[in-house]
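Please open the structure in your viewer and keep the selection tool at hand. We will go from stop to stop, and at each one you will hear what to select and what is there.

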Amino acid sequence: MKKTLLLRVNAHQPEIAQIRIAAEFVKKGGLVAFPTETVYGLGASALNSEAVLALFEAKKRPFDNPPIVHIADVREVYKLAKRVPSKAEVLFETFWPGPLTLVLKRSEIVPDVTVAGLDTIAVRMPKNKVALALIRETGCPIAAPSANLAGKPSPTTAEHVSDDLNGRIDAILDGGPTSIGVESTVLDLTCDPPQVLRPGGVSFEELKKVIPDLSLHPFVTAEREISVAEARSPGMRHRHYAPKADIVLVEGALSAVVKEVRELIASGKREGKRVGVLATDETAAKYGADVVKSGGSRFNSDAIALNLFKLLREFDSENVDVIIAEGIPTEGIGLAVMNRLRKASGYNIVKAMQ
Ligand code: TXA
Ligand code: MG
């Protein structure tokens, strides 16, 4: 066990003294969790193989799934990537800093372990001030997967990070809760047309305005497990976001969903199970389950995205045996929410019929 230092920082004006302590750890090959606008990341120097190896170990992450490399200055991307297509430059201008990760051909300076032996690299410039200050002060790109134990929901507060990683990492920069709640959109620019590999903080609709021929990897909307051969992104192969309880996801028109959720609650109770429901503001009062939580209004998918991982973690402490989750429309960030819920359910999806 290590001692994990908790460093509180002002999210808007991060205190440089705290940032320096964190940056010193990273420079020496240590591991520091820090907030981004999406979720908390667990950072290590991206150019230090041993540090990145320790990063995989701390979060028990499979070695075939590379982290995203975070930068604070666009010029860094030209050092990390071998070829930067002109489409990428338009995307930097439009979406960086922000929740968009770009997959590019990688350069020779990047250690193999940082990219899990691939010939590509995933790069993003986050918007969060604490993240940017840490990268600048460290003076090198920071490899950072989400700061959770592999398989668990991503952390949106420093407490979530501490619950999973206390004693396994050097420090946590606590800059308060994140503002988006789901991870960045991963866009592959090494194929033509460019393809979204993971939906996230930048919506498909927004990206399509800049790249009209943009495509979605079938996995993004998948309603079943995908085969290894079809997976373009290593992250597609691994189970994710899963709380302890089983999740059943109910999709369809709202009235049919409510009816189906009620039937599932009744059958769960008959089986003697403790039943949780992940509902919305409009429906929560309709359910007589053991635990009912609302992600927010169905008309505000931003709020649902922000609450999603926190609520999945809360269900863990409620000791429910099953969580019945309502689906939401897949417009905007709703696509990212549904992708996470489908994955978290292990594709245990019920289509509610009228
Ligand atoms: O919002 C985010 O993206 C957060 C914050 C911390 O920045 N990070 C995050 O990292 O979600 P992680 O490691 O949990 O997810 C990275 C995703 C994985 O699905 C991984 O497979 C994919 O990016 N990825 C990384 N390198 C890749 C590459 N070269 N080609 C395709 N996919 C890649
Ligand atoms: Mg992750």
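The tour below goes through a sheet, a loop with its pocket, a buried strand and two cavities. Keep in mind on the way that this is a predicted model.

**Stop 1: the open sheet**

Start with the strands β1 to β11. Together, these 11 strands form an open sheet with mixed pairing. Walking across the sheet, you meet them in the order β1-β8-β2-β3-β7-β4-β6-β5-β9-β10-β11. Now colour β1 (5-8) and β11 (215-216), which stand at the edges. Each has a single partner strand, so one side of each is left without a neighbour in the sheet. As background, strands of a sheet pair through backbone hydrogen bonds, in a parallel or an antiparallel way.

For a closer look at one pair, select residues 41-45 (β3) and 142-143 (β7); these strands are antiparallel and joined over two bridges. Which residue of β7 is the bridge partner of A44? Show A143, and you have found that partner.

Next, add helix α6, residues 158-165. This helix lies across β2 (32-34), β3 and β8 (171-174), and runs at about 165 degrees to β8.

**Stop 2: a glycine and a pocket**

Select G176, which sits in the loop between β8 and β9 (185-188). Leaving aside residues up to four places away in sequence, G176 touches Y40 and T156. For a sense of scale, pick S267 as well: G176 and S267 are 40 Å apart in space, C-alpha to C-alpha, and 91 residues apart in sequence.

G176 also helps to line the second largest pocket, whose volume is about 190 Å³. To see the rest of the lining, add A11, H12, T36, E37, K127, N128, K129, G175, P177, T178 and S179. Colour the lining by class and you should find seven polar, three charged and two nonpolar residues.

**Stop 3: a strand inside**

Move on to β12, residues 246-251. Is this strand largely enclosed or left open? Five of its six residues are buried, so β12 is largely enclosed by the rest of the structure.

Show two of its partners next. With β15 (residues 322-326), β12 pairs in the parallel sense over five bridges, and V248 has I324 as its bridge partner there. With β16 (residues 349-351), the pairing of β12 is also parallel, over three bridges; here L249 is matched with I349.

**Stop 4: two cavities**

How many cavities of 30 Å³ or more does the structure hold? There are two.

For the largest, with about 80 Å³ of space, select L278, A279, T280, G295, I304, L308, L311, E326, I328, V337 and L341. At least two lining residues come from each of β13 (275-279), α9 (301-317) and α10 (334-344). The largest share, three residues, belongs to α9. By class, this lining has eight nonpolar, two polar and one charged residues.

The second largest cavity holds about 50 Å³ of space. Select T185, V196, P199, G200, V202, S203, F204, L207, G332, I333, L335 and A336 to display its lining. α7 (204-210) and α10 each give at least two of these residues. This lining has eight nonpolar and four polar residues, but no charged ones.

To finish, highlight α10 once more: this helix supplies at least two lining residues to the largest cavity and at least two to the second largest cavity.

Conventions: Residues numbered from 1 in each chain as written. Chains lettered and ligands numbered in written order. Predicted model: local features only at pLDDT ≥ 70, side-chain atom pairs only at ≥ 80, totals over all residues. Heavy atoms only, no water. 1 Å grid on protein atoms, 1.4 Å probe; cavity = no way out; pocket = protein on both sides within 12 Å on 5 of 7 lines; lining within 4 Å. Points joined across faces, edges and corners; volume = space filled by probe spheres on them. Helix = DSSP H or I, 4+ residues; strand = E, 2+ residues; numbered from the N terminus. Nonpolar A, V, L, I, M, F, W, Y, C, P; charged D, E, K, R; others polar. Pairing = 2+ DSSP bridges. Contact = heavy atoms within 4.5 Å. Axes fitted to C-alpha atoms, helices over the stretch in contact; angles between N-to-C directions. Buried < 20%, exposed > 50% of the residue type's maximum accessible area, 1.4 Å probe, protein only.
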